[in-house]
Amino acid sequence: MSTIVSLPDQSTATLPKKNYINAEHGLLSWLLTADHKRIALLYMFSITFFFFIGGFFAGMVRLELLTPAGDLMAADTYNKMFTMHGIVMIFLFLVPSVPATLGNFFLPIMIGAKDLAFPKINLLSWYLYMAAGIFVITTLVLGGVDTGWTFTTPLSTHYLNTHVATTATGIFIAGFSSIFTGLNFIVTVHRMRAPGMTWFRLPLFVWSNYAASVLMVLGTPVLAIAIVLVALERTIGIGVFDPTKGGDPLLFQHLFWFYSHPAVYIMILPGFGVISEVVSTFTRKRVFGYTAVAFSSVAIAVFGFFVWAHHMFIMGVSNYSALVFSLLTMLVAVPSAIKIFNWAFTMQKGSITFETPMLYVFGFIGLFTIGGLTGVFLGSLGMDVMLTETYFVVAHFHFVMVGGMLMAFLAGIHFWWPKMTGRMYPEGVSKFAAVVTFIGFILTFFPQFVVGYLGMPRRYAAYPPEYQVLNVLSTAGATVLGVGYMLPLFYLAWSLKYGAIAGSNPWQATGLEWQIQSPPLTENFTETPIVTQEAYDYEWLAKKQERELQHVG
Amino acid sequence: MSIASTITHPPEPEIHPSHDVHEHPFYQKHHFETAEQQREAASFGMWLFLLTEIMFFGGLFFAYLLYRNWYYEAFVSASNSLNMPLGLINTIVLISSSFTMAMGVWSAEIRNKKYLQISLIATIVLGFVFLGIKTVEYHDKFVEHHVPGASFDIKDFVNPPKDSLEKPLTVDMANKTQIYFSLYFAMTGVHALHMIIGIAILFVLLWKARTGLYTTGYVQPIENFGLYWHFVDIVWIFLFPFLYLINRH
Ligand code: HEM
Ligand SMILES: [Cu+2]
């Protein structure tokens, strides 16, 4: 198997003496930093922490479902488990994951900027994120919340005596964290690009984060107001969603899904960006149809705002609007498919190598495609009425979000690890982890399509015995998956001390981020770069290498 | 041996020194190339933030329009129970404060410290007047049992006082006035919260303006705050007719 890794001579190589990590010392220098790279690391730690918290609840849910009877915990405890799982995973992991960590770290570097436009606001958004996390943890300590992550009214406002208001506050704050991140990214992309970095020379990672930011900025405030109204309804009894006062619970759904459907694209778009970077690097090719891939991000962002009611087909929207929303939903599939096809073409025409990030990309493409196709099933009115609120939906969104986003996140972490830390991760064990993750994933979620199709509803602690085999498979898979997620924790930590020195450009890639030292300086660039090429100009790179070879010969 | 593994040098960075860097004004942050770039970024950021505010209030206006359509009679009656003259006075107060704030921005631009301070103080005073009047209105609603919740009372709408022009509502419709008041308090409450935050920031600006910071050419915080303040006023310009003037007789 060929590989493109080029490491400096290991006997003499050392990390650069001055870099952003050792620029300042002490805990306070981290907690008060305005450096986007350090903030990215702060995010990375905290997001990983919450990912495993969310994972713990997932484990509890799967454990309960091992047997048909609701025997491990009481039904309301079970409700709290899946609610916490959903809330933590969506608001504290998926939404911020790639933008707040990899985006924060690389977006400024990729466009040749010294930092994001508003470094202090960037730090503030990390603090907001942490405050949100503390609220969610507090809810837990107080006894949890059991509305499901969707807070559906009037269930959440009237019938459940759990800590909806505390959680709602947490999510409101988390919302501001992502609004500020989005705002920062948009301004940075518009105003901070280096000379020569035109819109069509932007790396696709920047495009996709830009599109996701637009969604964050426009969608999140609507969620915020919906959540405020729920909290007010619970605490002081205003009646905007309360049917006994003439309010309409459906209004909540409209407001909620107006954010939450675009939110699935907030979660997945930055992942698309990672995939584009990795695919082009490991196929030594410009991404096929660069412009189409760039614009499809924008198209997804725009269409994403017009399909929310497909979450409400069975909740009393009129037949006419259901039909329109069904059609619009199908339309969103188009730009996503464009991306998949373009990545496939890029690979077909390039010379592929199989480093770890690339393995995750294969995982991503396979799983996301399945998830997306089943989304089209759900988007068609007739099918949805039958499949909604079953495990089929659960499998669908786990295929897109876990199979899609999480694979992309891991691909990105491995891809940029050498740049962030200056050291390589160990290749063998990381490939092993990628394969374990993939197998674990299929084993966990594929049975859920089947069991959902057979009619098992979501959100119940007990189920008829005939579904047990599939559930046991799923729980076993979750265990494997858990191992797959734990492995990187260990070997990445190991690599911090023992990993091979990476040098500035181990993948022989073209992006601006690979032209500065690893780990970078606090100011990223000693001189402002002037960009003269389009992104992913591997032909230029190959020619240059040829010339050098001749020179040597 | 594959070609790549013999190449140990990364591609040469396409990095050139950027040409002559001028003296930086003291307020220019290190990561901006020019003060102009910094100013543009800040004002662009502010506009985007206001866009998120529009979406935020948009949710409330959407709810308002929906219910007003459904329960028009209840909305008219409830709206007529508001104190229109006070609302009108407040509208005038806010427009004046927008004017004094605009004066503040202008004073910063012509670098006149005294005018700037006066304008900021005037804006603060007008802000407090607005909040004061709002408190009076809230208090009235409280006394009349028009605050949604346990003590809400619909009798004013079912049996309007003899001398008023109000049409009596059916009990069912009268109940819907509660939604109107829910929205009234939510919308004006969120608006008032924006004012309170604004006044707090004004105090900070005033305090820093005293040191002469904003009359050195560094006008961007004043400019940006001006945008915020005008936005909050504009929201009120929509709230006033929507809430107070639905169907005046
Ligand atoms: C791009 C990544 C996607 C993500 C991250 C995603 C995520 C989700 C999530 C979280 C839900 C569950 C909502 C709930 O709690 O009930 C969901 C449901 C749904 N998704 Fe997706 N989705 C994606 C793509 C798609 C696509 C491409 C389509 C259609 C073409 C689609 C159509 C649907 C529909 C119709 C539902 C509603 C199912 C129901 O509750 O009846 N999704 N999706
Ligand atoms: Cu959706």
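Is Ile340(A) buried or exposed? Ile340(A) is buried, because its relative accessible area is 14%. Here "buried" means under 20% relative accessible area, "exposed" means over 50%, and "partly exposed" is in between, using a 1.4 Å probe and the protein chains only.

Before going on, a few ground rules. This is a predicted model, where local features need pLDDT of at least 70 and side-chain atom pairs count only at pLDDT 80 or more, while totals for chains, interfaces and linings use all residues. Residues are numbered from 1 along each chain as its sequence is written, chains are lettered from A and ligands numbered from 1 in the order in which they are written, and side-chain values use heavy atoms, with hydrogens and water left out.

Back to Ile340(A). You'll find Ile340(A) in helix H11 of chain A; helices (H or I, at least four residues) are DSSP runs, numbered from the N terminus. Leaving aside residues up to four places away in sequence, Ile340(A) touches Ile365(A), Phe368(A) and Thr369(A), where a contact means heavy atoms within 4.5 Å. Phe176(A) is another story: 164 residues separate Phe176(A) from Ile340(A) along the chain, and their C-alpha atoms are 32 Å apart.

Stay on helix H11 of chain A for a moment, since Leu331(A) is found there too. Leu331(A) counts as partly exposed because its relative accessible area is 39%. Together with Val302(A), Phe303(A), Phe306(A), Val334(A) and Ile338(A), Leu331(A) makes a nonpolar surface patch of about 480 Å². To join such a patch, a residue needs over 30% relative accessible area and no salt bridge, and nonpolar side chains (Val, Leu, Ile, Met, Phe, Trp, Tyr) are joined within 5 Å. The areas themselves come from the Shrake-Rupley method with a 1.4 Å probe, and for residues only the protein chains shown count as cover. Helix H10 (290-303) and helix H11 (319-349) of chain A each supply at least two residues of the patch, and H11(A) gives the largest share, with 3 residues.

Now for the metals. Which protein atoms are donors of the copper ion (ligand 2)? They are ND1 of His261(A), NE2 of His310(A) and NE2 of His311(A), lying 1.6 to 2.0 Å from the ion. Donors are N, O and S atoms within 2.8 Å of the metal (3.2 Å for Na, K and Ca), and water is not among the atoms, so sites may look incomplete. If you look along the sequence, the copper donors are spaced H-x48-H-H. His310(A) is buried, because its relative accessibility is 14%, whereas His311(A) is partly exposed at 25%.

The copper ion (ligand 2) has a second metal to go with it: the iron atom of ligand 1 is 4.9 Å away. That iron has only one protein donor, NE2 of His396(A), at 2.4 Å. To find His396(A), follow helix H14 (residues 391-421) of chain A.

Next come the charged side chains. Searching the whole structure gives 13 salt bridges over all chains, a salt bridge being a side-chain nitrogen of Lys or Arg within 4 Å of a carboxyl oxygen of Asp or Glu. One of them joins Glu539(A) and Lys285(A), at 4.0 Å from N to O. This pair links distant parts of the chain, 254 residues apart: Glu539(A) is in helix H17 (residues 538-552) of chain A, and Lys285(A) is in the loop between helix H9 (249-283) and H10 of chain A. Glu539(A) is exposed at 52% relative accessible area, while Lys285(A) is partly exposed at 24%.

Over in chain B, Arg39(B) forms a salt bridge with Glu223(B), with the closest N and O atoms 2.4 Å apart. Again the pair links distant parts of the chain: Arg39(B) is in helix H2 (residues 35-70) of chain B and Glu223(B) in helix H8 (residues 220-244) of chain B, 184 residues apart. Add Glu109(B), and you have a network of salt bridges with Arg39(B) and Glu223(B).

Finally, how confident is the predictor? Its score for each residue is pLDDT, from 0 to 100. Chain B averages 88, and 90% of the residues score at least 70. Among the elements of chain B, helix H5 (residues 113-143) has the highest mean pLDDT, 97, and helix H1 (residues 3-6) the lowest, 36. Residues 1-20 of chain B stay under 50. The model as a whole scores ipTM 0.91 and pTM 0.91.

Note on methods
Patches are made of residues with over 30% relative accessible area and no salt bridge: like charges are joined within 9 Å, nonpolar side chains (Val, Leu, Ile, Met, Phe, Trp, Tyr) within 5 Å. pLDDT is the predictor's confidence in each residue, from 0 to 100.
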